[in-house]
Structures are given as structure tokens and as C-alpha cells.
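Got your viewer open and a hand free for the selection box? Let's take a walk through this one, stop by stop.

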Amino acid sequence: MMSEGCSFMKGMFLGGIFCLVMSLFGTFSPGPQGDGHLHHHLKPVSKDELQKLSEAQMYDLTQQVRVYCVIMVTPKLLVYWATANDTWSKHCDKSVFYTSESSKALEALDLQEDDEWARLRKAITHAYENAGDLRWFFVARPTTFAIIENLKYLVLEKDPSQPFYIGRTEKSGELEYVEYDGGIVLSYEAMKRLVEIFKDEEKCPARGHALWKMSEEKQLATCLKYSGVFAENGEDAQGKSLFNKKSVTSMISDSMGKNPNDVVESCCSDLAITFGGMPAGQMQVMMYGVYRLRPYGHDFHDSLTFLPPKDSDND
Amino acid sequence: MTFALLKTTGDVKDTTSMFYTVYELDTMKGGNSRCAFSLGFLVGTCTLYVFLRQVWFEESFSWQRDGKNLTPPGPELNNNNLTQRVDGSALINLKLPHQSGEDGHVADELFRNVRILCWVMTGPSNLQSKACHVKATWTRHCNVVLFMSSEEDRSFPTVGLGTGEGRDQLYWKTIRAFHYVLKNHGNDADWFLKADDDTFVVVDNLRWILSNYTADQPIYFGKRFKPYAKQGYMSGGAGYVLSKEALRRFVEGFNTKVCTHTTPVEDLAMGQCLEKMGVLAGDSRDTMLRETFHPFIPEHHLTGKFSKTFWYWNYCFYPIVEGPQCCSDLAVSFHYVDPLLMYTLEYYTYHLRAYGYRHRYQPPEPAVLDPPSQTVKPTEVPQTTEEHVYKKSSNAVKLRTEARKTFQTEKLTNGTQKGNSMDSSLTSRHQSQE
């Protein structure tokens, strides 16, 4: 009996040591985060910083931060296409719909391309070449709703001649990419590098590998990575994600489950930029909710002013 | 056992025999010990793993989280104590909730000057499924809140009206609720709002409308329907609000038997009683004549096309507008709102916004407030096409204030009939402006 007790104790001791060693190994393996961490999170400029600028500087910034919206549509998504056309895309400085095949109902640039990755490449190239003096690009499907003013606020004092690739980041193995459903933001420099690396068939193949097909978002991230452009997660001052691939109702619903005592506060950012997977009717409600519905007597003395678009009555 | 193991290790040839020796030793004499050893090993691993997980990982986890959700309940409770207190069955809000970074001084001033008591029609079976979400959202913006049920519930809290539940009890509940409210809280508010537990109300916008009137005027507001009453009546589900004078007259009506329980159709019965007592059915539309009280959810009004045979067409007092102009920017209520939509609307109204966006509709400031302070806005980006919006709304304001003034004097001196003629002249004025 004593000897059994002894062995038991020895076993326990060895087990403990074993566990300790294993966990030490575990914490060491991620190792030094290195440069990945430096450009991981992106926040908008603080209120204090903005207040330091003069009126003229403010006006210049408002003019500088102008967005070209690249909206990738297909006839299958006709309802969403029409809704995006009628709602948020009106707030882009320039919005172009790129389609796989033309539809009689709506205007779009017909890329005559079935493959999604190839279509995205063509659209990006076209947008870059026709950018004019626009320096920021927002790529999305019409199932995503975007609040462009909040996007402008996020990139306000960021230099578009630097490479920026922003959105809701996700990791797949070693690759950090921006989720398509949450919308993808690219600066002029990032677009430039992309268009350049599109020519490199090895690093950024046009058709992808036949055997295993990566989603366009990951292919984009890979190509950008080869150009030295890394994904950054857009967040507000409190660290809440600004880009969302879920719809508002989905997120509120999650919050009702997780934080029933503080549903709205712990759900979503006040300055959220995107919500994905929104049904068309809900997009119209969001348009009303964002640009019109408000409680009287609560003012935000924002440092910038964005005027409502012309020829529109739902905002 | 281990010592025996060590001693016999030496010759490579002998390793296999060694193993056999050990094995024999184990199986014959120490099978139990080996078991004990393995068990001990397992127990040791598990114990230390659990211990480590608790200590190490939770620490690093809390760093990553920015400590947001880890605030102990203590401070939160304190916050609640500062903003709200319970007085019997009533919830008294001491101040308005505010977003960080917002300037809510105008809303605060209205909170002080236009006091609203909100009572919510609910029942025992709806407390945890509907009423609690109402309590967590829009009622925080009322001055006083009461939840009216057939039975008393001290913990929620709800007032027990001593009625039954069901659609046939609606008017009884309403009558008793209003009597209770006047008796117990008549001095705590200037206006008295009735809403359902599936109504969403933007109380700040209600204050904006009511600030153009005074509580001693016999008037009430809501989503105006036209049939069954000369001046129409207000939809129950979309919520309606009575001035203090209107409430007094309602209670007096029952005291003098001018009003009785005529029908369980609560909103219609209310309208008929108030009409008899000389209370005016007000126009709750904004200065662009867009509706503020809504009997359906936003999606319905904004995107729905009501079929021509739908009863709604024949009921609405004012012309129905389909599409985005159905609804004022300063909407007051929506109905048939489930809990999920309740939180979503709270998010849309009070939280989510477009940074720096200059709204098309610039509502005029109510007269009850001090003249607007002379703070110059930091950016005056040149206006182009939007100026016409300003002109239009200010004209509309002039028109309405003129109409209201004549309205009021007429109403206070005479009965319903005169009021009606004023009403028709008001509409004709609107038409001539158009």
C-alpha cells in the first residue's frame, strides 16, 4: 500500500512538471509578435487632434478625403444592387457598379467575366485608372451597407500615398486578410501596388490554382502581402470594430444573449462603417436610422461637416 | 521499483531483459503501483493544467480585453442610483442618459421644462418577454415611468389595476391607469403618455412637439385617425399623450358620468370621451407635415406599399405618404416593435450616426427654450442646394404658430364645434401654402 501511495505521488509530481513544461512551450511558440503588431489596429484621429486644426485645414481635409466606391454586383443580387444604388452608394464621391453581366434594369460596368477573382482584378484596375483625383477606394458587394462619412472620418489624416488596407481583419493560418463582407478600404498607394503586382503571374495569379481555389478576399490579401501591404483592423477609440460582416439585427441579437443588461452599449460602435448581410428592406431602415432619425436636442459638435447628396430624399 | 530499474540498466544486451525484469516485477508484485503511478501522473497533469489556466490565462485575457466587461457590479449600481430611483411603483429618472462626447444641453432643458410621465400598458405574462426591454430602452428618457398591469408586481415594479387581462379589458385598464396617474403623480409631470409594451417612443422628440404647447391647454396628440369621432381619435398602439388639463377633464368626465365604459376599444373610447370633454385632438406632424406617431414598424412605413383596400387608407386623418417622406426625422413612435427591434431602434436613434453629417431637416427651436446660444459652428462649408430646405421649414413654422394661436383662443372659450371649424380652416391654410 505504501509503495502504491509512493508511486502515485511520484506520478503526480512528474505529471505536474510535464504540464508546466508543455505550457511553457505553448506560450513561447507564438513568439515575438514583431512587425505584424505595429500596423494591426487602425483608429480614427482623436477629437483633440482635430480641434488643433484651423478651419481652412479642416476644409482641405474634407475635400481631400474623397472615396471611390467599387461595388461588385451580379444579376443574382439585383435587389441588393438596386438598394445599394438607392441608398448608401449615393454618399460616395464616385460610385461605380461592376457586374459580371449587364442587366437591363440597372446601369453598371459590364466586365464580362464570370470568375470572381478575375472580375475583382479588372474592377480594381479600372478604378485605379479612372480615379481622377480620388485617393481612397472602398470595395464591397451590394449586400454590405456602408456609412461613407464614418469611413472618411477613419482615414481623415491618413496619407493615401502610403499603403493602407483596412477593414475587418481575420486570420487564416499565417495570412491576415480583410473580410469581404465587411467592406475593404484601400488607399491610392495600395491600389497602385496591386495593379503593379497583378502583372506578376507567379505571386498574384489571374486564375488562381485550379486545384484549390482561395476566396477573393484571401487572394487579394496574398497579392497585397507580396507588395508589402498588410491588413489593418479598423476600430473606434474604444476598440470596437468599425467594420462588421454581420447585420445590425444579428449583432444586436448576439448582444441580447451575451450582455442582456447592456445590450446596445456593448453591441456596436456609434461610428460603425459597415454592416454585412443586410436584407434590402433593412437597408432602407438603416438609411433612415443613420441619416435621419435622431433625438431632438442632442448635438455632436463634430469638427467636420459633410453635406447631404443632391437628388436624394431618403437621407 | 525505480531503484530496481536503475540497478539493472547497464548492459545494452540486457535492456530487453531489463524491461522484462521490470515488467515482471511490476506485473507480479507492483501492477498496482504502476497503475497508481499512471493515475498519479494523470491527476498531476490535470490539476496543474486547471491551476495554470485559472491563474495565467485569465490574467492575459483580462489585459487583452481592456477591462471593459470586467468592471465589478458595484460602480454600475451606483450609476443606476444616480440616474434613476424607485418610488413605490414608479421609476423616477433624475436625468437624461447621454452619449459620450455629445452636447445634450437642449435635451436637458426640455427634460426640465416639458415633464412627461410615461405609462406602459402591459400584463403579467409580458413582463419578462416585452416590458423588461421597454424598461431597458426608451422609458429611461421619460421623467416618470409606470408599468400598468392587471396585477401588482413589487419587484418589476408594476401597478396592479385590479382588472383582468385581454383585449376586452383594454379600456378598463386605461381608465384606471389614467385615474391612478392623476391621483398619484398629477404634480410630477405636465404631460401623460400612454404606450403599449410593443411601442417604441423617442421621448426627446415628443418633448420637441409638446414644447409648443402648455400643460393647461386641453389637448392631446398621437397618430390621428378620422372615423367614429368628429375630430378623430388617436391610435392606441402608436401611443398618445394628454396634457394635464386633458387628463383632468378625462377623470372629471368619469366623475360626472359624462364618460362611461362604452366599448373595450380603448383608443376610440378615449377619443370619444375627450371630445365630449372639450379636449382638442392636436396635429402632431412636424413642420414639413410629416407624421411623427406611427402605427407600424419603420420598415413598413418606409418601404411598404399599402394595398388600396387596406383599412389604413380610410382611417388616417391626414394624407398618407408612402416611402421616405412617410416619417419625420423627429419621429416619436412606432408600433408592433418586438424586443430585437426595440434595441435596434435605440441603437439607431441614440447611438449610430454619420460623423459630421448635416441633416437635411433642420427643425426650428421651440419657443419655450432660451434663445439659442451664440456658439459659431467651427465649419461653415458653403451651402448650395439645401438652403431651400431652411426657407420652407421656417415658413411652415410661421404658419403653424399663427394657426395655433387662433386655435387656442377659440378652443378655450368654446366647445368642440368651433374647434372643428378652426380645424378645417387650418387644413385649408396648409393647402393654400402648398
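What follows is a tour of selections, starting in chain A and ending in chain B. Keep in mind throughout that this is a predicted model.

**Stop 1: the sheet in chain A**

Start by colouring the strands of chain A. Eight of them form an open sheet, and if you step across it you should read the order β1-β11-β7-β10-β5-β2-β3-β4, with mixed pairing. At the edges sit β1 (41–42) and β4 (109–110) of chain A, each of which pairs on one side only.

Now zoom in on two of the strands, β7 (residues 165–167) and β11 (residues 231–234) of chain A. They run parallel and are joined by three bridges. Which residue of β11(A) is the bridge partner of A:G167? Select A:N233 and you have found that partner.

**Stop 2: a helix across the sheet**

Next, select residues 188–197 of chain A. This is helix α8, which lies across β5 (136–140) and β10 (184–187) of chain A, running at about 90° to β10(A). Show the side chains of A:E189, A:A190, A:M191, A:L194, A:V195 and A:I197: these residues of α8(A) are buried. What covers them? The cover includes α6, β5, β10 and α9 of chain A.

**Stop 3: two of the covering helices**

Stay with two helices from that list. Select α6 (residues 116–129) and α9 (residues 216–226) of chain A; they pack with their axes 9 Å apart, at an angle of about 50°. That angle makes α6(A) oblique to α9(A). Turn the view until one helix lies over the other, and you are looking at a right-handed crossing.

For the contact itself, show A:E116, A:W117, A:L120 and A:I124 on the α6(A) side, which meet A:E216, A:Q219, A:L220 and A:C223 on the α9(A) side. By class, the residues of this contact divide into five nonpolar, one polar and two charged. The spacing along a helix is worth a thought here: an α-helix has 3.6 residues a turn, so residues three or four places apart point the same way.

**Stop 4: the segment after α11 of chain A**

Move along to the segment after α11 (280–291) of chain A and pick A:G297. Is A:G297 buried or exposed? With a relative accessible area of 7%, A:G297 is buried. Leave aside its neighbours within four places in sequence, and the contacts of A:G297 are with B:D103, B:G104, B:H105, B:V106 and B:A107. For a sense of scale, draw a distance from the C-alpha atom of A:G297 to that of A:K10: these two residues are 287 apart along the chain and 72 Å apart in space.

A:D311 is also in the segment after α11 of chain A. Its relative accessible area is 78%, so A:D311 is exposed. Check its backbone too: A:D311 is not a glycine, yet its phi is positive, about 55°. As background, most residues other than glycine have a negative phi, and most peptide bonds are trans.

**Stop 5: over to chain B**

Switch to chain B, which has 14 helices and 13 strands. Of its 434 residues, 49% are buried.

Select α6 (residues 170–185) and α8 (residues 244–255) of chain B. Their axes are 10 Å apart and the helices pack at an angle of about 120°. This crossing is left-handed. From α6(B), B:Y171, B:I175, B:F178, B:H179, B:V181 and B:L182 meet B:L247, B:R248, B:F250, B:V251 and B:F254 of α8(B). Sorted by class, that contact has nine nonpolar, one polar and one charged residues.

**Stop 6: an enclosed helix**

Now pick residues 266–276 of chain B, helix α9. Nine of its eleven residues are buried, so α9(B) is largely enclosed by the rest of the structure. Among the buried ones are B:E266, B:D267 and B:E275, along with B:L268, B:M270 and B:L274. Following α9(B) comes B:G278, with a positive phi near 75°.

**Stop 7: two backbone details**

Finish in the loops of chain B. Between β4 (144–149) and β5 (159–160) of chain B you'll find B:P157. The peptide bond leading from B:F156 into B:P157 is cis, with omega near 0°.

Last selection: B:Y336, in the loop between β13 (333–335) and α12 (339–351) of chain B. B:Y336 has a positive phi of about 65°, although it is not a glycine.

Key: Residues numbered from 1 in each chain as written. Chains lettered and ligands numbered in written order. Predicted model: local features only at pLDDT ≥ 70, side-chain atom pairs only at ≥ 80, totals over all residues. Heavy atoms only, no water. Axes fitted to C-alpha atoms, helices over the stretch in contact; angles between N-to-C directions. Helix = DSSP H or I, 4+ residues; strand = E, 2+ residues; numbered from the N terminus. Parallel < 35°, antiparallel > 145°, perpendicular 65-115°, else oblique. Left-handed = near helix turned anticlockwise from the far one by under 90°. Contact = heavy atoms within 4.5 Å. Nonpolar A, V, L, I, M, F, W, Y, C, P; charged D, E, K, R; others polar. Pairing = 2+ DSSP bridges. Buried < 20%, exposed > 50% of the residue type's maximum accessible area, 1.4 Å probe, protein only.
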